[in-house]
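Work through the exercises below with the sequence and the model at hand. Each task is followed by its solution.

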Amino acid sequence: MNPESFAAGERLVSPTYVRQGCEARRTHEHLIRLLLEQGKCPEDGWDESTLELFLHELAIMDSNNFLGNCGVGEREGRVASALVARRHYRFIHGIGRSGDISAVQPKAAGSSLLNKIANSLVLDIIKMAGVHSVTNCFVVPMATGMSLTLCFLTLRHKRPKAKYIIWPRIDQKSCFKSMITAGFEPVVIENVLEGDELRTDLKAVEAKIQELGSDNVLCVHSTTSCFAPRVPDRLEELALICASYGVPHIVNNAYGLQSSKCMHLIQQGARVGRIDAFVQSLDKNFMVPVGGAIIAGFNDFFIQEISKMYPGRASASPSLDVLITLLSLGSNGYKKLLKERKEMFSYLSIQLKKLAEAYDERLLHTPHNPISLAVTLKTLDEHRDKAVTQLGSMLFTRQVSGARVVPLGAVQTVSGYTFQGFMSHTNDYPCAYLNAASAIGMKTQDVDLFIKRLDKCFKIVRKEQNRESDGSGVDNDKTEDAVTEEMGLKLENVFLDKFEDSS
């Protein structure tokens, strides 16, 4: 209510009480004013009443929520379901205009303001997370793969002769398809094995640029966050190579924003060499629904070019989700989550190492990977070919999500390209292994439950192997638990083929 409304209210209720209410509202409005003035994530998170007041104030600035609005166009923010309207806080027009996803919409001042604030808050968080020299970013309503495609398509206009993208191999389909979808030919650079780690072959990258000719190379497409035993690319060295040959550099930072080490690599790469843009997922880094990403960079003009490449308007949902999340957490809340993630990584590492040693396996030594861990499965693989995938299916049926088992010699064809040893990021990794990651939001109880279920699965598989090696296939001394385990194992085998397909 405005001052006149409060004054009118004093004729109906005690002026003292009304003034109290007015002061309470001013407290909410003060937080909103500071946000609009500073464009930074508040240190302390907002309560829900402040958030809802803010969103309501923004929503009524959009034309579809004007009282007496008369819409006679094809896009007037009409919504058939009231439930859908409430789900989106009545932000119906989306963001951007037909020529620029970051442009202001005349019909939707509130949605446009929401978009600008969300981008500003995300930029503040990126700087807080370690990339201090970033100059611009925007939230795009596409996941990481398609957002990378948008970056490549923008570079096409700047480098019309280029047809190749140099890509240090990482066995993840969406980042590979992002290059194919954009119409370019990926040039796969195999990783080199250093100890247990798979690292960037810098000599091969430079040699390939020389072989193809720098004008024919659209960019180098590197990666930070990845599954162990692959580790983040050597960004500083790659950035120097790109600067030396005048080749753009796009970084897939999918879930690296939550890692200070990954963000430090990006900051250092931009400081010593060339990084044109880096792309990160909203859902993986901010715990919001899938469907959005952040494209960020160090050159305002280039990031604006990417935003103008997006055709048409876009959904406001990812921007709304991340705005609500960051205002709820505040920068202190997000820093706490980042700190807890690091602590959980150490805890997961300790617990996995103990469990691995109990079964004559070992935790792979991958100190350059700050998020993902891997445990060897040599003893399983030596006894039976399907034991590795069987272990994966058992974890899956026990509701353990996110863990991956990687057998030896898997072959996968992606968009016409065949990869040997797919999922292990190299043709011939020395052993099969199991992955687990410590991502933002993980709790101690998640680690404890995972270790407990993994231990149980190891026991079952080992018991099955021992029976097979004895040649008896029968255990007359089975306990009730053992019978239950065997029945479960038979049921799990039903899921085995399905699991292998989905992997």
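**Exercise 1.** Find how many disulfides the structure holds, and state where Cys242 stands with respect to them.

*Solution.* A disulfide is taken as a pair of cysteine sulfur atoms within 2.5 Å. The structure holds 0 disulfides. Cys242 is in none, and the nearest cysteine sulfur, that of Cys219, is 8.1 Å away. Cys242 is buried, with a relative accessible area of 0% (buried: under 20% relative accessible area; exposed: over 50%; partly exposed: in between; 1.4 Å probe, protein chains only).

The model is predicted: local features need pLDDT of at least 70, side-chain atom pairs count only at pLDDT 80 or more, and totals for chains, interfaces and linings use all residues. Residues are numbered from 1 along each chain as its sequence is written, and side-chain values use heavy atoms, with hydrogens and water left out.

**Exercise 2.** Check the span of helix H10 (residues 260-272).

*Solution.* Helices (H or I, at least four residues) and strands (E, at least two) are DSSP runs, numbered from the N terminus. The expected span is 1.5 Å times one less than the number of residues. For the 13 residues of H10 this gives 18 Å, and the end C-alpha atoms are 18 Å apart, which agrees.

**Exercise 3.** Tyr89 and Met423: which one is buried and which partly exposed?

*Solution.* Tyr89, not a glycine, has a positive phi of about 55°. Its relative accessible area is 33%, so Tyr89 is partly exposed. Met423, also not a glycine, has a positive phi of about 90°. Its relative accessible area is 9%, so Met423 is buried.
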